[in-house]
Amino acid sequence: MRAAFALRCLRPGLTAGIVASRNTAAHAPVRLARASAVATVCRGQPARMASRGPRVAVVASRPCISDQRAMVAAAGACGVALAAIATVAGNVSCEAEPAADMHTDVLSGLTFPYMVTVNGADHALVATGTRSVTFLGIYVYAAGLYVHKGDFATCFKDSGTTDASTLAFRDQFFTPSSVRKVLRVSPYRTAQFSHLRDGFGKAAESRAKQLDRPAAEVAYADIVALKALFPKGQLKTGEELLIITSGDVLHLEQNGKPMGQVTSPFLARALFESYLDDNPVSPDARKNFTGGLTQWLAAI
């Protein structure tokens, strides 16, 4: 006998439908954080499934899909067997929380560690944001901004700066030698490296156009060197691309493997600034990054 059990989450605008297989009872209690499949259905985007662990599926939908029956149908379309879970309902938490050491990006649903270690130094997560193709509303990737806390405190302790959205903050924060930073890029769906290369190149070029001619010529040469670091192939869902600054040097890593580096004060600033200036590549990232950095300023 097949049955489906759906719960309305306490979190505003989020609905969770919980579907379990015939052997669900054998896996009680069920922990949504370790669910084997998660399908996100929003704005007409296809469901994504990732199999792992007991055969339990959590179907999450944004406010654009309010019909619980649509959620159950989406789970069925992914080949998930439906069965009664009344025996474990008392152990199910409505909030599908990530692991304690992971943060979930609100729009994309992708997870980010709260801490990454680069060159032996810990960098803490400030915030995450989703990059989308605006006119289509398709998610491309989520980006997490990580900052070395010690550098940040040293740089801004006596600065008097309290708002990360100001030009004064950006001028200080994006000076390559001031604060070590990491941008962690996680694709929403498998992405071609050529597309990522062109996207970052375009963001840098738009800022190079604002320079005088001698500086612009140097910047464009640096952009060519940056593009050459991107390999052929794909960055798959669940993999990561790290963009790292250490002084004037910009490093790229794919899943912990170095891709190369470019010594360029321009790029060390421009790629990060493209997420926080007045014409950001991702308005969602700008809002979240600015809010997170402002909180950090208040905590110094």
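Here is a short conversation about helix 4, helix 6 and a pocket in this predicted model.

Student: What makes helix 4 roughly perpendicular to helix 6?

Tutor: The axes of helix 4 (residues 193-208) and helix 6 (residues 265-273) cross at roughly 110°. Angles of 65 to 115 degrees count as roughly perpendicular, so helix 4 earns that description relative to helix 6. Their axes come within 9 Å.

Student: Which residues of the two helices meet?

Tutor: From helix 4 there are Phe200, Ala204, Arg207 and Ala208, and they meet Phe266, Leu267, Ala270, Leu271 and Glu273 of helix 6. By class, this contact has 7 nonpolar, no polar and 2 charged residues.

Student: Why is helix 6 called mostly covered?

Tutor: Good one! A residue is buried when its relative accessible area is under 20%, and 7 of the 9 residues in helix 6 are buried. That is why helix 6 counts as mostly covered. The buried residues are Phe266, Leu267, Ala268, Ala270, Leu271, Phe272 and Glu273.

Student: Let's turn to the second largest pocket. Which element gives the largest share of its lining?

Tutor: Helix 4 does, with 9 residues. The pocket has a volume of about 650 Å³. Of its 27 lining residues, Arg131, Ser132, Val140, His195 and Gly199 are the closest to the centre. Strand 8 (121-133), strand 9 (138-147) and strand 11 (191-192) are among the elements giving two or more residues.

Student: How do the lining residues divide by class?

Tutor: They comprise 13 nonpolar, 9 polar and 5 charged residues. Gly199, for instance, counts as polar under the classes used here.

Conventions. Residues are numbered from 1 along each chain as its sequence is written. This is a predicted model: local features need pLDDT of at least 70, side-chain atom pairs count only at pLDDT 80 or more; totals for chains, interfaces and linings use all residues. Side-chain values use heavy atoms; hydrogens and water are left out. Axes are lines fitted to C-alpha atoms, for helices over the stretch in contact, and angles run from 0 to 180 degrees between N-to-C directions. Helices (H or I, at least four residues) and strands (E, at least two) are DSSP runs, numbered from the N terminus. Angles under 35 degrees count as roughly parallel, over 145 as roughly antiparallel, 65 to 115 as roughly perpendicular and the rest as oblique. Contact means heavy atoms within 4.5 Å. On a 1 Å grid over the protein atoms alone, a cavity is a set of points where a 1.4 Å probe fits but cannot get out, and a pocket is an open set with protein on both sides within 12 Å along at least five of seven lines; lining residues have an atom within 4 Å of a point. Grid points are joined across faces, edges and corners, and a volume is the space filled by probe spheres set on the points. Buried means under 20% relative accessible area, exposed over 50%, partly exposed in between (1.4 Å probe, protein chains only).
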